[in-house]
Structure formats: C-alpha cells, structure tokens
Amino acid sequence: MSAAAETRNWLELPPDVTASILSRLGAVEIFRSAQNVCSQWRSICKDPSMWRSVDMHNLGDLHHMDDVLEKVCVLAVDRSCGHLLDINIEYFGTDELLFYISERSVHLKRLRLYACFYVSDEGLSKSALKLPFLEELEIFIGPISKHAVETIGRSCPLLKSFKYNLRRCKGYVCDDEALAISQTMPELRHLQLLGNGLTNEGLQAILDGCPHLEYLDLRQCFSVRLVGNLEKRCVERIKNLRHPSDPTHDYVFVAEDLDTWYNPSDCDDYDE
C-alpha cells in the first residue's frame with residue numbers, strides 16, 4: 001500500500017461522493033453506525049437527497065428486531081421529506097408502516113415488498129390508493145387477492161412493471177390474478193409471475209389486456225401450456241419470454257421442489 005493511500009483522509013472527499021458511498025450501506029447501517037462517525041457524515045445522512053431511495057435489505061435474521069426495523073424505516077421516510085422515490089422492505093413491515101410510507105411519499109415510483117407477511121390485502125389496497133405515480137411494484141412471497149390486484153391496477157395507472165412471485169402448491173390453478181392484471185394494468189411492459197396458478201385462459205387475457213408487454217416471466221407457472229398458436233403469439237409479441245420450465249437459479253426460494261414448502265392439506269387447490 002502506498003504512503004498516500006495510508007494517509008488519505010476520507011473526510012476530505014466531496015460531500016456528493018461521500019453521500020454516494022454511504023447510500024450503498026442501506027438504511028439500517030446508516031442509522032446504526034455511519035451517521036455516528038463524525039458530524040460531517042451525520043450532516044450528510046440527514047440530507048433529504050440521501051433518502052430518495054431507501055433499502056431495508058436484510059436476510060431474515062432480524063425477526064426479533066421487527067420493531068427496530070420499523071422505527072428505522074419511519075425515520076428514513078421522515079428524512080426524505082416527501083422526496084422518497086424507491087423503497088425496498090424485506091422480512092418485516094405491517095399495514096400501518098406501509099400506509100405511513102404511502103401517506104408521506106406520494107411521488108413513490110418503486111415499491112418492493114419481500115416476504116412481508118404482516119402486510120395484508122386491505123393494507124396493500126389502502127396504501128395503493130395513495131400512490132398514483134407508482135411505476136414498479138414487486139411482491140415476493142406475500143399472497144394477495146384479486147381484489148387487491150384490481151385496486152393496485154386502478155389506483156396506479158402508471159404501473160409499468162409488476163412482479164408478483166409466490167410459493168404455490170403443485171397443481172394450484174387459478175386465473176383470478178391474471179384476469180385482474182389484464183383488466184386494470186394496460187400500461188405494463190414488464191410482468192413476472194413466478195409460481196402463479198394461471199392457465200392458458202389467463203395468459204390469453206393478459207396478452208389481450210396488456211398490449212405494451214415486452215417482458216413476461218412465467219417460470220413455475222405449471223398450469224400454462226405454451227403450445228401452438230398461444231406459443232406463437234407469445235414469441236411474436238414478447239421480446240423476452242421466460243417459459244414455465246426455465247431455471248430459477250436467480251430465485252433460490254422458489255427453485256426448490258414446491259412440495260417441500262407445503263403439506264397437501266394446507267392447500268385447498270392441491271392436486272395429488
């Protein structure tokens with residue numbers, strides 16, 4: 001290591017460079033440690049521009065800290081001063097927290113809810129009503145009803161990307177969500193439905209109702225049979241098509257054998 005590197009004073013970095021570096025830490029680490037390093041870093045961490053994007057990433061090992069994570073999330077939203085555009089919440093969260101975010105972040109464009117088991121249909125629907133500028137929504141392992149999907153579609157007319165990924169039992173068949181998407185999300189360009197129970201009928205409806213669709217991910221949608229005219233239509237219409245049997249290495253959670261996640265008795269629609 002050179003002498004210059006050994007003696008470099010990191011506090012002499014331009015504030016915008018420091019802010020860019022600190023933003024990569026995520027909200028929890030900023031509140032837990034970074035903002036306490038020095039007065040300069042604390043000042044930067046209080047700047048609303050630092051909180052246009054809030055990442056509450058965790059590996060699910062902080063369940064015992066749900067209350068702390070919610071408080072950190074609230075503080076992050078408050079610091080954004082209404083300028084929050086992008087938020088990622090993982091393994092925690094409630095209806096109350098989501099509504100708090102939606103009330104104070106009317107310009108929110110991207111919302112990702114990963115394994116947020118305490119966010120309900122009602123909570124998601126109520127919050128969607130206050131997010132008219134939402135363009136991207138991802139819900140992973142958090143079943144919602146067709147009514148919530150319809151509310152989201154009608155309340156968020158600018159929605160261009162919808163990722164609704166589930167862990168379903170093999171044999172699950174249901175077109176409710178697909179029909180709700182087709183009827184309320186005409187501006188979609190990107191749709192991901194890992195593990196969904198839609199059939200060919202639901203897929204046809206999506207193709208009819210979402211004319212701008214460019215990316216369609218149907219991995220582990222085992223009730224879809226891409227053959228004949230339907231396959232031809234998908235290939236001609238969709239620039240990037242993922243088939244039901246395509247590998248899911250980028251989604252480890254659902255790449256497992258689905259039978260290992262549920263007992264047949266837990267699923268009303270399970271087909272032996």
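# Exercises on a predicted model

Leu158 sits in the loop between α8 and β5. The model it belongs to is predicted.

## Exercise 1. The surface

Task: Is Leu158 buried or partly exposed, and which residues form a nonpolar patch with Leu158?

Solution.
- Step 1. Take the relative accessible area of Leu158, which is 34%.
- Step 2. Compare that value with the cut-offs: buried is under 20%, exposed is over 50%, and partly exposed lies in between. Leu158 is therefore partly exposed.
- Step 3. Look for its partners. Val106 and Phe133 join Leu158 in a nonpolar patch on the surface. Together the three have about 220 Å² of accessible area.

## Exercise 2. The overall picture

Task: State how many helices and strands the protein has, and what share of its residues count as buried.

Solution.
- Step 1. Count the elements: twelve helices and eight strands.
- Step 2. Turn to burial. The protein has 272 residues, and 49% of them count as buried.
- Step 3. Add the surface. The accessible surface comes to about 13,800 Å². Carbon and sulfur atoms hold 52% of this surface.
- Step 4. Check how the chain folds back on itself. Take the contacts between residues at least 6 apart in sequence; 71% of them join residues at least 24 apart.

## Exercise 3. The nonpolar cores

Task: Find which residues touch the most other members of the largest nonpolar core, and list what Phe162 touches.

Solution.
- Step 1. Start from the general rule. In soluble globular proteins, nonpolar side chains tend to be buried together.
- Step 2. Go to the largest core, which has 69 residues. Ile87, Phe162 and Leu203 touch the most other members. Helix α5 gives the most to this core, with five residues.
- Step 3. Focus on Phe162 and set aside residues up to four places away in sequence. Phe162 then touches Leu137, Ile139, Val149, Ile181, Met185, Leu188, His190, Leu191 and Gln192.
- Step 4. Note a second, separate core. This one has seven residues, among them Tyr114, Phe140, Ile141 and Leu194.

## Exercise 4. Two packed helices

Task: For α6 and α9, name the buried residues and the elements that pack on them.

Solution.
- Step 1. Helix α6 spans residues 95–104. Its buried residues include Leu97, Leu98, Phe99, Ile101 and Ser102.
- Step 2. Their cover includes helices α5 and α7, along with strands β2 and β3.
- Step 3. Helix α9 spans residues 176–184. Here the buried residues are Glu177, Ala178, Ala180, Ile181, Ser182 and Thr184.
- Step 4. These pack against α8, β5, β6 and α10.

## Exercise 5. Two buried residues

Task: Describe the surroundings of Phe31 and of Thr199.

Solution.
- Step 1. Phe31 lies in helix α3. Its relative accessible area is 11%, so Phe31 is buried.
- Step 2. Leave out neighbours within four places in sequence. Phe31 is then in contact with Asn36, Trp51, Val72, Leu75, Ala76 and Arg79.
- Step 3. Take one of these contacts. Leu75 is 44 residues from Phe31 along the chain, and their C-alpha atoms are 9.0 Å apart.
- Step 4. Thr199 lies in the loop between β6 and α10. Its relative accessibility is 17%, so Thr199 also counts as buried.
- Step 5. Thr199 touches Val173, Asp175, Ser223 and Val224, not counting residues up to four places away in sequence. With Asp175 there is a polar contact between the side chains, at 2.5 Å.

## Exercise 6. Salt bridges

Task: The structure holds eleven salt bridges. Examine Glu29 with Arg32, Glu138 with Arg112, and Arg219 with Asp250.

Solution.
- Step 1. The side chains of Glu29 and Arg32 meet at 3.3 Å, N to O. Both residues lie in α3, three residues apart, about one turn of the helix. Glu29, at 30%, is partly exposed. Arg32, at 45%, is partly exposed too.
- Step 2. Glu138 and Arg112 meet at 3.1 Å, N to O. This pair links distant parts of the chain: strand β4 holds Glu138 and strand β3 holds Arg112, 26 residues apart. Both are buried.
- Step 3. The closest N and O atoms of Arg219 and Asp250 are 2.7 Å apart. Each residue sits in a loop: Arg219 between β7 and α11, Asp250 between β8 and α12. Arg219 is buried at 0%, whereas Asp250 is partly exposed at 42%.
- Step 4. Finish with a network of salt bridges, which links Asp86, Arg110 and Glu136.

Key
Residues numbered from 1 in each chain as written. Predicted model: local features only at pLDDT ≥ 70, side-chain atom pairs only at ≥ 80, totals over all residues. Heavy atoms only, no water. Buried < 20%, exposed > 50% of the residue type's maximum accessible area, 1.4 Å probe, protein only. Helix = DSSP H or I, 4+ residues; strand = E, 2+ residues; numbered from the N terminus. Contact = heavy atoms within 4.5 Å. Core = buried A, V, L, I, M, F, W, Y, C linked by side-chain atoms within 4.5 Å. Patch = residues over 30% accessible without salt bridge, like charges linked within 9 Å, V, L, I, M, F, W, Y side chains within 5 Å. Areas by Shrake-Rupley, 256 points an atom, 1.4 Å probe, with all protein chains shown as cover. Salt bridge = Lys/Arg side-chain N within 4 Å of Asp/Glu carboxyl O. Polar contact = N/O pair within 3.5 Å; in protein donor to acceptor, adjacent residues only side chain to side chain.
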